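I want to keep a careful record of what I looked up here, one topic at a time, in the order in which I went through it.

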Amino acid sequence: MCMEIKVRCACGAQEASFNLRDHVLPPEVVESLYCPACAEKASFDPARMLRDRDWIIVYDMELARFMMRAKLGIDPQAVTPEFLFDEGYATWKETYPGELEEIEAEKARIVALLKEDPQRYFEELRQWAQARVERLKALGWRKAQRM
Ligand SMILES: [Zn+2]
């Protein structure tokens with residue numbers, strides 16, 4: 001039911017995937033995106049932007065409020081950047097941009113164990129997943145705080 005979109009940041013160096021829950025909001029709701037390298041160019045406005053670590057997402061709040069009211073009957077005053085992000089209406093597809101690639105790299109080491117020692121593989125995998133969530137929480141990624 002989710003729609004996935006890709007958005008390139010203002011400087012063009014990076015691209016992030018977003019999920020748009022239940023097709024409520026069109027892709028244009030993500031007005032622009034700033035990666036850690038270009039985030040300082042954005043003058044941060046909490047009324048229409050959300051900061052997640054060094055990334056900044058700029059939302060078209062007029063569009064978001066209009067669509068949320070038209071499709072879901074949600075009071076426009078309740079629609080904030082935090083609401084759009086936390087409720088999944090326009091949020092990272094992953095826990096943070098680039099997570100899947102990092103997971104692949106980290107997991108390659110553990111997967112090598114599968115043939116040698118399956119029991120140890122599952123134990124390592126479990127520990128790795130747990131440690132990973134703790135690390136993402138400590139780093140301050142917004143989605144990780146709710147895991
Ligand atoms: Zn950038």
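**Notebook: strands, a zinc site and a helix**

Arg8 was my starting point, and I found that Arg8 stands opposite Glu15 in E2. I note at the outset that I am working with a predicted model, so every value below is computed from that model.

**Entry 1: the first hairpin.** I followed the pairing outward from Arg8 and saw that strand E1 (residues 3-8) and E2 run antiparallel, with six bridges joining them. The two strands form a hairpin with six residues between them, and in the turn I looked up Gly12, which has a positive phi of about 85°.

**Entry 2: the surroundings of E2.** How many of the six residues of strand E2 are buried? I counted a residue as buried when its relative accessible area is under 20%, and five of the six residues in E2 (residues 15-20) meet that condition, so the strand is largely enclosed by the rest of the structure. E2 also pairs with strand E6 (residues 91-92), again in the antiparallel sense, through two bridges. Within that pairing, I noted that Phe18 has Trp92 in E6 as its bridge partner.

**Entry 3: the second hairpin.** I then turned to strand E4 (residues 49-52) and strand E5 (residues 55-59), which are antiparallel and joined by four bridges. Asp52 has Trp55 in E5 as its bridge partner. These strands form a hairpin with two residues between them, and Arg53 in the turn has a positive phi of about 50°.

**Entry 4: the zinc ion.** Which residues coordinate the zinc ion? I found the SG atoms of Cys9, Cys11, Cys35 and Cys38, at 2.3 to 2.4 Å. In sequence, these donor residues follow the spacing C-x1-C-x23-C-x2-C. Cys9 lies in the loop between E1 and E2, while Cys38 lies in the loop between strand E3 (30-34) and E4, so this pair ties together parts that are 29 residues apart in sequence. I also checked the geometry: the angles subtended by the four donor atoms are 105 to 118°, which makes the arrangement tetrahedral. For comparison, I wrote down that the ideal angle for four tetrahedral donors is 109.5 degrees.

Are Cys9 and Cys38 buried or exposed? Cys9 has a relative accessibility of 5% and therefore counts as buried, and Cys38, at 1%, counts as buried because it too falls under the cut-off.

**Entry 5: helix H3.** I wanted to test the length of helix H3 (residues 99-111) against what its 13 residues should give. At 1.5 Å a residue the helix should span 18 Å, and its end C-alpha atoms are 18 Å apart, which agrees. In H3 I found Glu99, Ile103 and Ile110 to be buried. The buried residues of this helix pack against helix H4 (113-116) and helix H5 (118-139).

**Entry 6: the whole chain.** Last, I stepped back and listed five helices and six strands in the chain, which run in the order β-β-β-β-β-α-α-β-α-α-α from the N terminus on. The C-alpha trace spans about 55 × 35 × 25 Å along its principal axes. Of the 147 residues, 37% count as buried. I also looked up the contacts with a separation of 6 or more, and residues 24 or more positions apart account for 52% of them. The accessible surface of the chain comes to about 8600 Å², and 50% of this surface belongs to carbon and sulfur atoms.

Definitions and conventions
Residues numbered from 1 in each chain as written. Predicted model: local features only at pLDDT ≥ 70, side-chain atom pairs only at ≥ 80, totals over all residues. Heavy atoms only, no water. Expected span 1.5 Å × (residues − 1). Buried < 20%, exposed > 50% of the residue type's maximum accessible area, 1.4 Å probe, protein only. Contact = heavy atoms within 4.5 Å. Pairing = 2+ DSSP bridges. Donors = N, O, S within 2.8 Å, 3.2 Å for Na, K, Ca; no water. Tetrahedral: all angles 85-135°; square planar, octahedral: opposite > 155°, others 65-115°. Areas by Shrake-Rupley, 256 points an atom, 1.4 Å probe, with all protein chains shown as cover.
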